[in-house]
Amino acid sequence: MFPESLQYHIAPGVNHFVDWLVVSFAPFFDSVSAGILKVLLGINDFLDMLPWWVIIGFVALTVWGTTKKIFPTVVLALLPFLIGIFGLWGLAMETLSVVCTAVILALFFGIPLGVLMAEISGAALVLKPVLDAMQTMPSFVYLIPAMMLFGLGKVPAVLATLIYALPPVIRLTALGLRQVPSAVEEAAVAYGATRWQLLRDVRIPLAMPSILAGVNQTTMMALAMVVVASMIGARGLGQEVLLSINRIDVGRGFEAGVSVVVMAIVIDRITQGVAKKWEPPKG
Amino acid sequence: MTAVESVGRAIEVENLWKIYSRTKKNRYGAEVLHDPQRLEALENDDDAVLAVKDVSLWVAPGETFIIMGLSGSGKSTLIRCLLRLVEPTGGIVKVNGEDVTAMNPSELVAFRRRQVSMVFQHYGLLPHRTVMENVCFGLRLRGETKAVSREKAFEAIRKVGLEGWETYHPASLSGGMRQRVGIARSLVMGSPILLMDEPFSGLDPLIRRELQDELMRLQEEMKKTIFFVTHDLSEALRLGDRMAVMRDGRVVQVGTPEDIVSDPVDDYVARFVQDEREQLNRAERRMANKAAG
């Protein structure tokens with residue numbers, strides 16, 4: 001056994017810190033919360049406004065535009081029907097708006113951080129352990145303080161999702177930028193590219209397939225968080241899963257679960273299709 | 001002073017040094033160059049790579065100057081020092097009278113945009129852009145409009161014989177065609193100096209010859225100053241007005257290709273040119289036989 005005399009707890013310190021944050025920074029967290037909520041509600045209203053067939057039509061068109069194949073287009077357009085048939089369309093749209101908000105925020109912060117990580121060697125040293133922590137820290141550990149800071153509902157759900165979904169886009173952006181062939185970079189510099197031009201015209205376009213793979217991963221991660229997020233009061237498909245678990249209604253849980261999977265498959269194929277468009281043409 | 005010298009020098013290199021650190025732990029500054037003991041110690045230091053050692057040379061305007069040497073002799077490092085793609089450890093590089101080694105970053109960018117254009121062995125084309133966009137690349141970097149760039153690019157693409165390929169991506173072109181794009185990209189800039197780093201080394205012999213001929217034809221009308229790196233002696237003999245032979249970072253001989261073939265300064269150069277001499281001798285003997293017979 002580890003000797004008891006060597007034990008030391010940081011728990012009281014962390015507790016005090018969170019308490020202090022809640023008390024002293026309440027106005028700040030309230031305004032952040034209000035900002036996120038505004039984005040979220042805007043997206044939610046927009047999705048609610050769209051009739052179901054517009055969304056299915058959008059899925060079909062995007063898949064057709066990126067693959068030009070009949071079979072995947074038809075299958076991917078039919079899959080969302082399942083959600084409607086199960087009577088879960090409204091909840092799915094709420095989930096989608098949480099996911100969209102989290103993904104938009106993740107890209108907004110993640111892509112610049114990824115660039116920073118690739119450009120400045122010290123940044124990687126600091127960011128890497130933070131990213132590891134974000135991905136492995138059990139989500140309930142930060143869900144509780146998030147709730148204390150931002151209240152119940154969708155905002156802490158978005159933030160919890162963000163924490164979980166942010167690392168892949170940062171990592172894959174940095175990876176993509178580092179993998180740009182040095183011969184291409186060298187030629188650009190030789191023709192008088194400034195550091196910014198090099199980044200904008202050469203490195204980011206060449207890293208785009210990797211960056212979009214990060215976007216795809218981030219979206220998948222965000223979807224995986226929806227059930228957990230529902231535990232802090234975010235409505236959506238996760239709430240349905242939670243309800244049926246509580247009532248041991250296996251069938252109802254299955255319907256909601258299938259709906260999450262359907263969303264994941266559709267979003268995955270769409271983002272992958274878009275990513276393919278960005279790959280440099282071969283042969 | 002020769003006639004060439006009196007009309008000025010397009011490129012002037014004085015006592016140029018480049019010392020790399022293999023482990024990237026050290027950065028060797030100009031101060032080591034002033035300390036002969038330290039310099040000698042670095043020669044035997046596993047960490048230090050003395051890629052370019054005390055190189056001085058000049059190139060006249062309109063001249064095709066060849067740097068020849070085996071791989072690892074420092075010729076690629078040398079050509080990169082001319083536009084500071086590689087930062088020299090010490091020494092001076094002057095291009096058209098301007099001291100490149102003293103330029104600040106923005107002057108350096110302006111210099112690269114106007115004064116020199118480089119062609120690379122591995123092309124360095126942008127894979128996500130078409131032939132047209134690749135040729136426009138440098139013009140767009142220096143802020144020329146799309147319309148003007150396209151017009152100039154069309155002209156350059158025509159010059160290298162790639163009309164009709166404007167909308168293709170580099171991946172769908174052969175090696176020889178890719179290098180034509182690389183050459184068009186450098187011509188379009190209109191800079192007086194062309195730096196070519198083994199531009200034809202990766203190509204098969206027939207295509208190589210074709211592109212050499214093409215370069216000579218273009219040079220007839222353009223009269224640019226060309227600084228050309230190669231490890232291929234026959235290429236050097238075909239293209240070069242003068243050449244320098246490098247070995248282990250030092251220039252061991254400078255002269256016209258004929259001088260170097262007929263009068264090699266040491267064993268190393270002699271071995272380098274041996275093949276070529278044998279062929280020449282054989283041709284001469286045959287001609288003599290023919291004349292006698």
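This report walks through a predicted model with chains A and B, going from confidence to overall shape, core, interface and one leucine.

## Confidence

Start with how far the predictor trusts itself on chain A. The mean pLDDT there is 90, and 99% of the residues reach at least 70. Within chain A, the low point is helix α11 (residues 226–230), with a mean of 80. The high point in chain A is helix α9 (residues 182–190), at 95.

## Overall build of chain B

Chain B is put together from 11 helices and 10 strands. Its radius of gyration comes out at 20 Å, close to the 19 Å that the globule rule gives for 293 residues, so chain B is as compact as a globular protein of that length. If you want dimensions, the C-alpha trace of chain B spans about 65 × 55 × 40 Å along its principal axes.

How much of chain B is buried? The figure is 39% of the 293 residues. Contacts in chain B also reach a long way along the sequence: of those with a separation of 6 or more, 70% join residues 24 or more positions apart.

## The nonpolar core

The largest nonpolar core holds 145 residues. Val135(B), Ala184(B), Leu195(B) and Phe227(B) have the most contacts inside it.

Take Leu195(B) from that group. Setting aside neighbours within four places in sequence, Leu195(B) is in contact with Ile79(B), Leu82(B), Leu83(B), Val116(B), Met118(B) and Phe227(B). Phe227(B), then, is both a contact of Leu195(B) and another of the residues with the most contacts inside the core.

## Where the chains meet

At the interface, 19 residues of chain B are in contact with 18 residues of chain A. On the chain B side, α4 (105–114) and α5 (131–141) each supply at least two of the touching residues. What is that side of chain B made of? Its residues split into 10 nonpolar, six polar and three charged.

## A look at Leu108(B)

Helix α4 of chain B is also home to Leu108(B). Is Leu108(B) buried or partly exposed? There are 17 other C-beta atoms within 10 Å of Leu108(B), and a residue needs 20 or more to be buried and 12 or fewer to be exposed, so Leu108(B) is partly exposed.

Not counting residues up to four places away in sequence, Leu108(B) touches Arg84(B) and Met103(B). Leu83(B), a contact of Leu195(B), turns up here as well: Leu108(B) and Leu83(B) are 25 residues apart in sequence, with their C-alpha atoms 7.9 Å apart in space.

Notes. Residues numbered from 1 in each chain as written. Chains lettered and ligands numbered in written order. Predicted model: local features only at pLDDT ≥ 70, side-chain atom pairs only at ≥ 80, totals over all residues. Contact = placed C-beta atoms within 7 Å. Helix = DSSP H or I, 4+ residues; strand = E, 2+ residues; numbered from the N terminus. Nonpolar A, V, L, I, M, F, W, Y, C, P; charged D, E, K, R; others polar. Core = buried A, V, L, I, M, F, W, Y, C linked by C-beta atoms within 7 Å. Rg over C-alpha atoms; globule rule 2.2 N^0.38 Å. pLDDT = per-residue confidence, 0-100.
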